[in-house]
Amino acid sequence: MITNDKFVELARTYGTPLFVYDGDLMLERYRELFSFIPCRRLHIHYALKANYNPALLTLLRDAGSGIDAVSPGEVALALALGFSPDRIIYTANNMTDAEFDRVMKTGVTVNIGSLSRLKKCADKYPGSRICLRFNPDVCDGDNAMTMTGGDLTKFGIMLADADEAARIAGSGNLHIIGLHEHTGSGLQHAESVLKSMDNLMEIATKERFAELEFLDFGGGFKVPYKDDETRIDYVDMGRKINEKFDRFCEKYGKELLMRFEPGKYLSAECGTLIVEVNTIKHNRSRVIAGCNSGFPQLIRPVLYGAYHKIENLTNPDGIPSLYDVCGNICETGDRFAEQRLLPEIREYDLLAVKNAGAYCYSMGSVYNLRPMPAEVVIADNKVADFRKAQSDEELVAGILRK
Ligand SMILES: Cc1ncc(COP(=O)(O)O)c(C=O)c1O
């Protein structure tokens with residue numbers, strides 16, 4: 001565990017804003033999934049979109065993880081870091097023909113989520129081995145924007161089209177080696193995972209799909225963001241998942257691989273964004289703590305109304321007061337927290353924005369031409385990797401390149 005003193009030391013050494021990642025915690029989360037789900041044939045494919053820090057990916061690679069990639073860029077990064085193609089699944093939506101061709105050449109398993117793309121694949125790549133993504137028709141997630149099940153979303157082939165999918169696949173002698181579903185991110189109810197599994201398994205019959213090697217049940221495992229949020233009982237859920245899968249394999253007549261693709265579960269809690277407060281402003285009704293980062297570096301509060309716990313690292317015992325913790329971007333909504341009770345914040349205090357390991361840096365942008373911040377990875381209780389912040393000059397050179 002990284003102590004607050006250590007966070008302060010890292011901030012003083014590397015400067016702020018600084019993302020600090022606890023690689024040991026990430027590996028702990030990875031390993032505990034195997035104890036929660038006692039399945040010998042469980043494969044975890046980390047959803048790289050959550051956090052693509054190369055040092056974290058290397059830790060996961062060495063621990064045996066595979067990758068869930070959603071763009072040719074993510075596939076290219078995973079391959080460059082030494083993940084073998086058979087450990088990568090490519091689950092893009094609305095991909096272009098050129099993107100599809102590029103990824104087909106790499107030998108990674110392509111996961112197709114529309115009948116239209118399936119038809120093109122059958123025509124152009126007859127005989128290839130592919131996975132089909134179905135829409136589980138279960139709506140859950142921590143936010144409407146992260147729910148991917150149900151017919152109001154763009155994801156996956158509808159379950160009712162399973163026969164048509166099998167027919168199209170047959171027309172191109174495609175080998176359907178896997179079926180996939182992803183219900184959403186931050187699933188609130190353990191039952192949703194089980195229900196989505198049921199729905200996928202119902203269409204995964206030997207008659208339709210005789211050559212299955214795996215079923216992939218996506219990601220979505222929730223982590224608590226607030227102090228009073230309870231952790232899902234993953235031991236109980238894992239046992240139920242395993243029993244369900246065993247029953248399915250028995251019926252199907254073959255021991256398939258079980259896959260999950262967690263992103264948030266592995267990376268959210270391991271990340272902390274350290275920012276420095278540079279301005280305290282007393283407005284009529286608000287006290288603003290203005291800091292040297294902003295929503296381009298951690299967009300979840302603005303995009304999803306997400307809650308991120310904030311700690312005052314350098315004045316933890318200050319008298320609590322209400323603050324709007326704001327960034328340095330020219331937008332009113334540029335806040336990490338609104339009316340948050342925090343120990344007195346003074347100019348030059350360091351604040352830690354917690355649970356910043358998933359969908360923060362990876363969703364980052366350089367809006368307002370604020371360069372991407374530095375990242376440091378701690379593993380085995382020491383600094384394993386440091387990536388310096390982009391400089392203004394590098395940012396400008398990137399814009400001016402032709
Ligand atoms: C296909 C797919 N798999 C896995 C994930 C990972 O989700 P999470 O980070 O909530 O585990 C996502 C995220 O949206 C996804 O779209």
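These legends describe several views of one predicted model.

**Figure 1. The whole chain and its overall dimensions.** The chain holds 12 helices and 18 strands. Along its principal axes, the C-alpha trace spans about 70 × 55 × 40 Å. A compact globule of 402 residues would have a radius of gyration near 21 Å, and the chain has 22 Å, so the two values agree. Of the 402 residues, 44% are buried. Contacts between residues at least 6 apart in sequence are often long in sequence terms: 71% of them join residues at least 24 apart.

**Figure 2. The two domains and the contact between them.** Domain 1 covers residues 37-267, and domain 2 covers residues 271-400. Their C-alpha centres lie 33 Å apart. The contact takes 17 residues from domain 1 and 17 residues from domain 2. On the side of domain 1 that touches domain 2, the elements giving two or more residues are helix H3 (54-63) and helix H10 (264-267). Helix H3 gives the most to this side, with three residues. By class, the residues on this side of domain 1 are eight nonpolar, five polar and four charged.

**Figure 3. The residues around the ligand.** The shell around the ligand has 18 residues. Those that come nearest are Ala 47, Ser 185, Gly 219, Gly 263 and Lys 264. Sorted by class, the shell contains six nonpolar, nine polar and three charged residues.

**Figure 4. The largest nonpolar core, with a view of Leu 179.** In soluble globular proteins, nonpolar side chains tend to be buried together. The largest nonpolar core of this chain has 101 residues. Which residues have the most contacts inside this core? They are Ile 88, Tyr 90, Leu 132, Leu 179, Val 325, Leu 351 and Val 353. Helix H8, residues 190-203, gives the most to this core, with five residues. Domain 1 and domain 2 each supply at least three residues to this core. Leu 179 can be used to look at the contacts in detail. Leaving aside neighbours within four places in sequence, Leu 179 is in contact with Cys 131, Leu 132, Phe 134, Leu 200, Ala 204, Phe 209, Leu 212 and Leu 215. One of these partners, Leu 132, is also listed among the core residues with the most contacts.

**Figure 5. Ile 280 in strand S11 and its contacts.** Ile 280 lies in strand S11, which runs over residues 271-282. Is Ile 280 exposed, partly exposed or buried? Ile 280 counts as partly exposed, because it has 16 C-beta neighbours inside 10 Å; a residue with 20 or more would be buried, and one with 12 or fewer would be exposed. Apart from neighbours within four places in sequence, Ile 280 is in contact with Val 287, Ala 289, Ile 345, Arg 346 and Glu 347. Ile 280 and Glu 347 are 67 residues apart along the chain, yet their C-alpha atoms are separated by 6.2 Å.

**Figure 6. The cis peptide bond before Pro 17.** Most residues other than glycine have a negative phi, and most peptide bonds are trans. The bond that joins Thr 16 and Pro 17 is cis, with omega about -5 degrees. Pro 17 sits in the loop between helix H1 (4-14) and strand S1 (18-22).

**Figure 7. Two asparagines with positive phi.** Asn 94 is not a glycine, but its phi is positive, about 50 degrees. Asn 94 is placed in the loop between strand S4 (88-90) and helix H5 (97-106). Asn 94 counts as exposed because it has 11 C-beta neighbours inside 10 Å. Asn 368 also has a positive phi, near 65 degrees. The loop that holds Asn 368 lies between strand S16 (350-353) and strand S17 (374-379). With 14 other C-beta atoms within 10 Å, Asn 368 is partly exposed.

**Figure 8. Asp 5 in helix H1, viewed together with Tyr 304.** Asp 5 belongs to helix H1. Because 9 other C-beta atoms lie within 10 Å, Asp 5 is exposed. How far apart are Asp 5 and Tyr 304 in space, C-alpha to C-alpha? The distance is 31 Å, for two residues that are 299 residues apart in sequence.

Definitions and conventions: Residues numbered from 1 in each chain as written. Predicted model: local features only at pLDDT ≥ 70, side-chain atom pairs only at ≥ 80, totals over all residues. Near = placed C-beta within 6 Å. Nonpolar A, V, L, I, M, F, W, Y, C, P; charged D, E, K, R; others polar. Helix = DSSP H or I, 4+ residues; strand = E, 2+ residues; numbered from the N terminus. Rg over C-alpha atoms; globule rule 2.2 N^0.38 Å. Contact = placed C-beta atoms within 7 Å. Domains from an automatic or database assignment. Core = buried A, V, L, I, M, F, W, Y, C linked by C-beta atoms within 7 Å.
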